[in-house]
Amino acid sequence: MKICHRNLFSATLLLFLVSFTAIYIVLPWQLLRFTEHSVPLHHLRTKVSGKDQLLAVGNVDAHSNATVTREVAKVKSKAEKREEGLARARASIRRAALGDNRSNRTPHNNASYIPCGKLDQSFAYKSPPRHRNTFMPPLYVIDLRSVIYLVSCNRRKLELDGRGAESYLEMEKIFKVYVYPDGDLPIVHDGPCKDIYSIEGRFLHEMEHGVRRFRTNDPNAAHVYFLPFSVTWMVKYLYTPYTYNVTPLKQFVADYVRLVSTRYPFWNRTHGADHFMLACHDWGPHASKGNPSLYNTSIRVLCNANTSEGFNPRKDVSLPEIHLYGGEVSSKLLSLPPDNSPRRYLAFFAGGMHGPIRPILLQHWKNQDNDIRVYEYLPKDQDYYSLMLNSKFCLCPSGHEVASPRIVESIYAECVPVILSKSYVLPFSDVLRWEAFSVQVDVSDIPRLKEVLSAISENEYWKLKQGVKAVRRHFTLNQPAKRYDVFHMILHSIWLRRLNIGLR
């Protein structure tokens, strides 16, 4: 029995020594070893795992059970960052439209300040809506029927109103355009710069070789994608004269869209909704039918902005038609007579008899009245621009298509445009109040034209003329482009439509 007790005592003592060694020697040494090769928890905040995930390690709360919480969040892609930037721009424009003072800018300490001179010219710009129900559901946030005006002059301070310029300033901050590099000259990456369709080539050249702030070489950073083909050059090089067969134009457009949609992922991502084409030729709408998505979904920037022929002002942009003889504006329109110089004629027009409206005008007024000078062919001893500069109103009837270069020529001559058209969406009517610097006369009232124009008082005429002076810079082609000129106005119209595209 003594032997049994002795063995039991020895076993107990051995167990005690092993436990003591494990608890007080081995475990502390292991803990010390771990500590020597570790870092504090706040140095372990993030850890990259996989291709596009970020593992965020939360702080240990002193009052918690010391459990470390891990939250997983995706690293933001360029597309997500781009859409977040657009969301911030929409919110800023909303605040400006609703009169939130937090979005106002002090004009004298930022580059947006543009002095307006001695006159309040805000009447030429659309005022921001004052109610909250102004945005299109469910993704659309800018109502193009009552959108923000660009610039106005405060009646007391004669300065730029920061709220009104918000959409333009947001465009300048973040808007990026990717120009597809594909395609060959002369139909792609080139366009006319010296004729009635000169705006087509001038915009394309400015986009590719001029202002760099809006163009990006990274397609993943772009908000919109430009299809840089010229419909005017398609007509010149692909069309067979007098056949009226536009199939070659549509086929070229179809082939180009097929090329970029197979080579890049961007077209298929939105079915072309964030892509745009630009054409001033009358057949621009016909060419766009080469691809159904281009016609129905994409942003089409067109001189032929005819709603009766499929132009949709909610997604399409009306392009001003600017006729540059020899590539330059006439010197007579660059040096204008003083404001107080008398204008001898009430109204003036000279042009060929084509389309449905001009025959009506010529029938009633050609050589009929000394105050309303209407010519089909201008006499050799008369000068076109001199007659514009000597007329109070310039008649701008549509021809075969709705757009007319006479509208911009009238603005250059500070001759109040008289719009004689049907189904025409006027350029930049998102932001410009055309009724403040032009007169729109229904075609049925052409026989009463003198009565209508004579009823406009001298005070009303003076206001219209000041409106023309105020908006002239928005129709001016500069090389290089300048802020608020026609190039930037076109981009701004595209920008507004891009704001209305919600990408998921």
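**Exercise 1. Determine how many residues of β9 are buried, and place β9 among its partner strands.**

Step 1. Strand β9 is mostly covered: six of its six residues are buried. Buried means under 20% relative accessible area, exposed over 50%, and partly exposed in between, with a 1.4 Å probe and protein chains only. Strands (E, at least two residues) and helices (H or I, at least four) are DSSP runs, numbered from the N terminus.

The model is predicted: local features need pLDDT of at least 70, side-chain atom pairs count only at pLDDT 80 or more, and totals for chains, interfaces and linings use all residues. Residues are numbered from 1 along each chain as its sequence is written, and side-chain values use heavy atoms, with hydrogens and water left out.

Step 2. Take strand β10 (residues 372-375). It runs parallel to β9, and four bridges join the two. Strands pair if DSSP finds at least two bridges between them. Ala347 has Ile372 in β10 as its bridge partner.

Step 3. Take strand β11 (residues 391-397). Its pairing with β9 is also parallel, over three bridges. Here Tyr345 stands opposite Ser391.

Step 4. Add helix α10 (residues 358-365). Together with β9 and β10 it makes a right-handed β-α-β unit. Right-handed means that, with the strands pointing away from the viewer, the path from the first strand over the helix to the second runs clockwise.

**Exercise 2. Give the strand order of the open sheet and find which strands stand at the edges.**

Step 1. The sheet has five strands, in the order β10-β9-β11-β12-β13, with parallel pairing.

Step 2. The edges are β10 and β13 (439-440). Each has a single partner strand, so one side of each is left without a neighbour in the sheet.

Step 3. Check the β13 end. β12 and β13 pair in the parallel sense over two bridges. Ile419 stands opposite Gln440 in β13.

**Exercise 3. Find the two disulfides and state the handedness of each.**

Step 1. The structure holds two disulfides. The criterion is a pair of cysteine sulfur atoms within 2.5 Å.

Step 2. Cys280 and Cys303 form one, with their sulfur atoms 2.1 Å apart. The S-S torsion is about -90°, so this disulfide is left-handed. The pair links distant parts of the chain, 23 residues apart: Cys280 is in the loop between β6 (275-279) and α8 (284-288), Cys303 in the loop between β7 (299-302) and β8. Both Cys280 and Cys303 are buried.

Step 3. Cys394 and Cys415 form a disulfide too, with sulfur atoms 2.2 Å apart. The value about the S-S bond is 110°, and the link is right-handed. Cys394 lies in β11 and Cys415 in the loop between α12 (406-412) and β12 (416-420), so the pair ties together parts 21 residues apart in sequence. Cys394 is buried, at 1% relative accessible area. Cys415 is buried, at 0%.

Step 4. Cys396 is in no disulfide; the nearest cysteine sulfur, that of Cys394, is 6.5 Å away. At 3% relative accessibility, Cys396 counts as buried.

**Exercise 4. Locate Glu321 and list what it touches.**

Step 1. Glu321 sits in the loop between β8 (317-318) and β9 (345-350).

Step 2. Its contacts (heavy atoms within 4.5 Å) are Ile196, Cys280, Cys303, Ala403, Ser404, Pro405 and Val408, not counting residues up to four places away in sequence. Cys280 and Cys303 are the disulfide partners from Exercise 3.

Step 3. Glu321 is buried yet has no salt bridge. A salt bridge needs a side-chain nitrogen of Lys or Arg within 4 Å of a carboxyl oxygen of Asp or Glu. The nearest side chain of opposite charge, Arg406, is 7.1 Å away. For charge, Lys and Arg count as positive, Asp and Glu as negative; His and the chain ends are not counted.
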